[in-house]
2 protein chains.
Amino acid sequence: MTTDSRTRMIRATARLLRRQGYHGTGLNQIVAEAEAPKGSMYFHFPGGKAQLAAEAVDAFAANVHETIRTLVLDRGSQAEGLAAYLDLVADGFDRDGFSQGCAIATVSAEAAPTEPALAEATGRALRAWTSGLEAGLSAEGHEPDTAHRLATAGVALIEGAIVMARGMSSSAPVREVRQTLRHLLAPPST
Amino acid sequence: MTTDSRTRMIRATARLLRRQGYHGTGLNQIVAEAEAPKGSMYFHFPGGKAQLAAEAVDAFAANVHETIRTLVLDRGSQAEGLAAYLDLVADGFDRDGFSQGCAIATVSAEAAPTEPALAEATGRALRAWTSGLEAGLSAEGHEPDTAHRLATAGVALIEGAIVMARGMSSSAPVREVRQTLRHLLAPPST
């Protein structure tokens, strides 16, 4: 029961961060969305909203990481796995509107530099994602320097396209970068 | 004098949007940063904070557009001009810390989908940027379909790298996508 309300608060925070960012999300709204007793907030998260948001970014990142890992295994390469991830993202936008963005991109853009706990969480998420992709690209035959450069570009393309989709109220940018991403990250021809 | 306090409010808002986004920026802070009389706010911006922020996004976008236009003319191609723009951005991060992001990316990520005036402004900025780049790439010899796809990818790479830099407290992502961007947008070899 204790664990449950803690988990619900993290999930509610992740949804709210994706929708409206850190500054736009109030503690009362988190507690209401999580259907949690108000007093439980500082019991579970003595560091307050910043700690809760940092844990929500961690949880969101773990979720994305796991989704991508599964897609890469299923499709057989980083390029095809990430292209499939972009399909999921674009389908989500077309189905649900643009209310749910990427929690990592949103918090990075509007809050990370002014809040150390958030900067740690977004930094952790982006470094883990980039280095995981870099390792995958190396394993597929890219030279180390190239793998590093392409991994950064791959994450930037995905995050940039999601931000553009929110700003343009259109899934088109996500669908349009898909082909560039597939081409850019394709295993080197031997 | 009237024009002056209006302009100062737009500039102050643009700075605050870049630093902390729409939800993180309060009217009192804008009025204080702009050194404007408090009563002048609704006189100049009857649509309130949303109108002011939309005009600040427009002004920021016009500024970026003009900077990039000058760099492209000076360097002789879209690819080299945008690479030079990324140098400017990365140097700014190294000099000033990560407090000033891209107002278009920040507002897109955290606020545009929930505020129609902002969605119009970010949509306008991103469409103008993408179609300007597309026209430039076409003029340099890319096929229309390719120019469109590459323009979207170019803007996504730049916006994504800026968001990553904020989230990782490092200018490295901006410097790392520079080479990919130059290569991706290079004029087609004939």
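**View 1. Helix 6 of chain B is mostly covered.** This helix runs over residues 103–110 of chain B, and eight of its eight residues are buried. Buried here means under 20% relative accessible area, while exposed means over 50% and partly exposed lies in between (1.4 Å probe, protein chains only). The buried set is Ala103(B), Ile104(B), Ala105(B), Thr106(B), Val107(B), Ser108(B), Ala109(B) and Glu110(B). Helices (H or I, at least four residues) and strands (E, at least two) are DSSP runs, numbered from the N terminus.

A quick word on what you are looking at: this is a predicted model, in which local features need pLDDT of at least 70 and side-chain atom pairs count only at pLDDT 80 or more, while totals for chains, interfaces and linings use all residues. Residues are numbered from 1 along each chain as its sequence is written, chains are lettered from A and ligands numbered from 1 in the order in which they are written, and side-chain values use heavy atoms, with hydrogens and water left out.

**View 2. Gly21(A) sits in a loop and has a partner in chain B among its contacts.** Look for Gly21(A) between helix 1 (2–20) and helix 2 (27–34) of chain A. Gly21(A) is buried, at 0% relative accessibility. Leaving out residues up to four places away in sequence, Gly21(A) touches Leu16(A), Thr106(A), Glu110(A) and, from the other chain, Glu110(B); touching, or contact, means heavy atoms within 4.5 Å. Gly21(A) and Ala103(A) are 82 residues apart along the chain, yet their C-alpha atoms are separated by 7.4 Å.

**View 3. Chain A and chain B are related by a rotation.** Turn chain A by 180°, with 0.0 Å of shift along the axis, and it superposes on chain B with an RMSD of 0.0 Å. The two copies are thus related as by a two-fold rotation axis. The fit is by least squares on the C-alpha atoms of residues with pLDDT of at least 70 in both copies. Which residue of chain A comes closest to the rotation axis? That is Gly160(A), with its C-alpha at 1.9 Å. As for the interface, 100% of the interface residues of chain A are also interface residues in chain B, so the copies meet through the same surface.

**View 4. Leu185(B) belongs to the largest nonpolar core.** That core has 134 residues, and Leu185(A) and Leu185(B) are those with the most contacts inside it. A nonpolar core is a set of buried Ala, Val, Leu, Ile, Met, Phe, Trp, Tyr and Cys residues joined through side-chain atoms within 4.5 Å. Setting aside neighbours within four places in sequence, Leu185(B) is in contact with Ala79(B), Leu82(B), Leu133(B), Leu137(B), Glu140(B), His142(B) and Leu150(B).

**View 5. Gln78(A) is a buried residue of helix 5.** Helix 5 of chain A covers residues 78–96 and includes Gln78(A). The relative accessible area of Gln78(A) is 12%. Its contacts, not counting residues up to four places away in sequence, are Val72(A), Leu133(A), Gly136(A), Leu137(A) and Glu140(A).

**View 6. Pro187(A) comes after helix 9 of chain A.** Is Pro187(A) buried or partly exposed? At 42% relative accessibility, Pro187(A) counts as partly exposed. Beyond residues up to four places away in sequence, Pro187(A) touches Glu140(A) and His142(A). The C-alpha atoms of Pro187(A) and Ser138(A), 49 residues apart along the chain, lie 9.2 Å from each other.

**View 7. Ser169 has a positive phi in chain A and in chain B.** Phi is near 50° for Ser169(A) and near 45° for Ser169(B). Ser169(A) sits in the loop between helix 8 (144–168) and helix 9 (172–185) of chain A. At 40% relative accessibility, Ser169(A) is partly exposed.

**View 8. Cys102(A) and Cys102(B) stay unpaired.** The structure holds zero disulfides over all chains, a disulfide being a pair of cysteine sulfur atoms within 2.5 Å. Why is Cys102(A) not bonded to Cys102(B)? Cys102(B) holds the closest cysteine sulfur to that of Cys102(A), but the gap is 16 Å, too far for a bond. Cys102(A) is buried at 7% relative accessible area, and Cys102(B) is buried at 6%.
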